[in-house]
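This report describes how a protein meets two DNA strands and how two of its helices pack.

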There are 2 protein chains.
Amino acid sequence: MSSSLSESQKDLIERIGVYHEQQGMQPLMGRILGLLLILDDAEATFEDIIEHLNVSKSAVSTALNVMQIQNRVAYRTKPGERKRYFYLNMGNWEKDIEKELHEIAKVGEFVQEALTLRSNKKTEFNSYLQNLCQFMEYFKKQIPRLFRDFENSKS
Amino acid sequence: MSSSLSESQKDLIERIGVYHEQQGMQPLMGRILGLLLILDDAEATFEDIIEHLNVSKSAVSTALNVMQIQNRVAYRTKPGERKRYFYLNMGNWEKDIEKELHEIAKVGEFVQEALTLRSNKKTEFNSYLQNLCQFMEYFKKQIPRLFRDFENSKS
DNA sequence: TATTTGGTTCTTTTTTTGGTGAACAAACAA
DNA sequence: TTGTTTGTTCACCAAAAAAAGAACCAAATA
């Protein structure tokens with residue numbers, strides 16, 4: 001297998017795993033993400049993953065399949081070899097982040113719907129909700145600008 | 001208990017519950033959040049919650065305790081009564097959203113750390129990571145401005 | 001053709017989660 | 001004092017999630 005990992009590398013992989021787990025990802029998927037981010041080659045074979053993370057073939061197989069469907073990883077093969085070299089698909093991190101931001105903004109839509117069902121018995125509470133909705137609408141509109149302005153700030 | 005819920009109210013509570021569940025919250029906590037958002041009174045007693053959501057006392061007790069520690073709900077009592085009236089703490093939704101945005105930005109810190117451990121073997125991959133980090137730094141800096149500009153846009 | 005390699009699929013096992021219900025405690029009421 | 005209301009705690013349980021292990025399969029190789 002590719003060279004063994006240092007303690008600090010293993011530690012970072014673990015923390016990246018826990019982070020992603022808390023974001024709702026399956027534990028092993030988070031670790032694989034971390035591993036592929038930390039390895040100098042930025043890629044790993046099936047076997048590499050099994051040995052570095054100490055997990056079973058089947059677990060890796062299913063995790064990788066899900067991650068490929070989600071477009072988080074892809075693989076290539078090297079001429080002559082049959083092994084697959086899996087790597088992170090870094091091509092669309094902007095889209096991923098955009099999706100996460102929109103996910104946060106979804107509360108606004110629920111609150112909006114709640115407002116249509118609420119009486120005006122508690123006006124102060126309602127106006128809090130109004131305010132929250134308005135912020136979320138504003139926020140959603142700002143998302144594209146965020147990416148645009150970032151690109152501009154680079155040049 | 002306080003008046004029974006309509007189908008559309010129950011449906012919305014359920015959807016709010018599922019949403020929060022997917023965001024990592026315990027199922028019952030998400031439902032309670034939804035309930036307190038939908039009830040006209042914007043508050044509910046222990047009993048109300050048990051009856052509206054069909055759950056046990058103990059489940060409600062533990063859920064409410066966690067939610068109080070997290071500062072999501074609070075309670076008051078009415079003069080003469082011993083019952084607690086729980087309500088959503090809407091006072092700091094800005095802070096909550098800010099926290100969520102910073103949570104997203106955390107990947108940037110992991111990637112930053114990964115870069116310090118990585119060799120320069122894969123320069124293209126590394127520069128993707130650099131770019132992601134830079135975006136996250138930019139993003140974090142923009143967060144306060146987002147709230148500020150929203151406030152200004154209202155007046 | 002037989003064997004090895006690289007990976008998949010299916011069944012079983014383990015672990016984690018979320019919730020229940022009964023016993024308990026504190027506060028008040030009769 | 002005894003009983004009732006309001007809520008907490010803890011031991012237990014069911015279901016779901018995650019991983020393991022073995023059988024399997026297809027492609028390459030001997």
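Which polar backbone atom is 2.7 Å from a phosphate oxygen of DNA strand D? The backbone atom belongs to Ser56(A). This is a predicted model, in which local features need pLDDT of at least 70 and side-chain atom pairs count only at pLDDT 80 or more, while totals for chains, interfaces and linings use all residues. Residues are numbered from 1 along each chain as its sequence is written, chains are lettered from A and ligands numbered from 1 in the order in which they are written, and side-chain values use heavy atoms, with hydrogens and water left out.

**DNA strand D**

Around DNA strand D there are 17 residues (near means that a heavy atom of the residue lies within 4 Å), and Ser56(A), Ser58(A), Lys57(B), Ser61(B) and Arg82(B) come nearest. Sugar or phosphate accounts for 53% of the strand D atoms within 4 Å of the protein, and bases for the rest. H4(B) gives the most to this surface, with four residues. By class, the surface near strand D has five nonpolar, seven polar and five charged residues (Ala, Val, Leu, Ile, Met, Phe, Trp, Tyr, Cys and Pro count as nonpolar, Asp, Glu, Lys and Arg as charged, and the others, Gly among them, as polar).

**DNA strand C**

Of the 16 residues around DNA strand C, those that come nearest are Lys57(A), Ser61(A), Arg82(A), Arg84(A) and Ser56(B). Here 51% of the strand atoms within 4 Å of the protein belong to sugar or phosphate, and the rest to bases. H4(A) gives the most to the surface near strand C, with four residues.

The table lists side-chain contacts with bases; a polar contact to DNA is a pair of N or O atoms within 3.5 Å.

| Side chain | Base atom | Distance |
|---|---|---|
| Lys57(A) | nitrogen, strand C | 2.6 Å |
| Arg82(A) | oxygen, strand C | 2.5 Å |
| Arg82(B) | nitrogen, strand C | 3.4 Å |
| Ser58(A) | oxygen, strand D | 2.8 Å |
| Arg82(A) | nitrogen, strand D | 3.4 Å |

**Helix packing in chain A**

Helices are DSSP runs (H or I, at least four residues), numbered from the N terminus. H1(A) (residues 7-22) and H2(A) (residues 27-38) pack at an angle of about 140 degrees, with their axes 7 Å apart. Axes are lines fitted to C-alpha atoms over the stretch in contact, and angles run from 0 to 180 degrees between N-to-C directions. H1(A) is therefore oblique to H2(A) (under 35 degrees counts as roughly parallel, over 145 as roughly antiparallel, 65 to 115 as roughly perpendicular and the rest as oblique).

How values were computed: A polar contact is a pair of N or O atoms within 3.5 Å; within protein, one must be able to donate a hydrogen and the other to accept it, and residues adjacent in sequence count only if both atoms are side-chain atoms. Helices (H or I, at least four residues) and strands (E, at least two) are DSSP runs, numbered from the N terminus.
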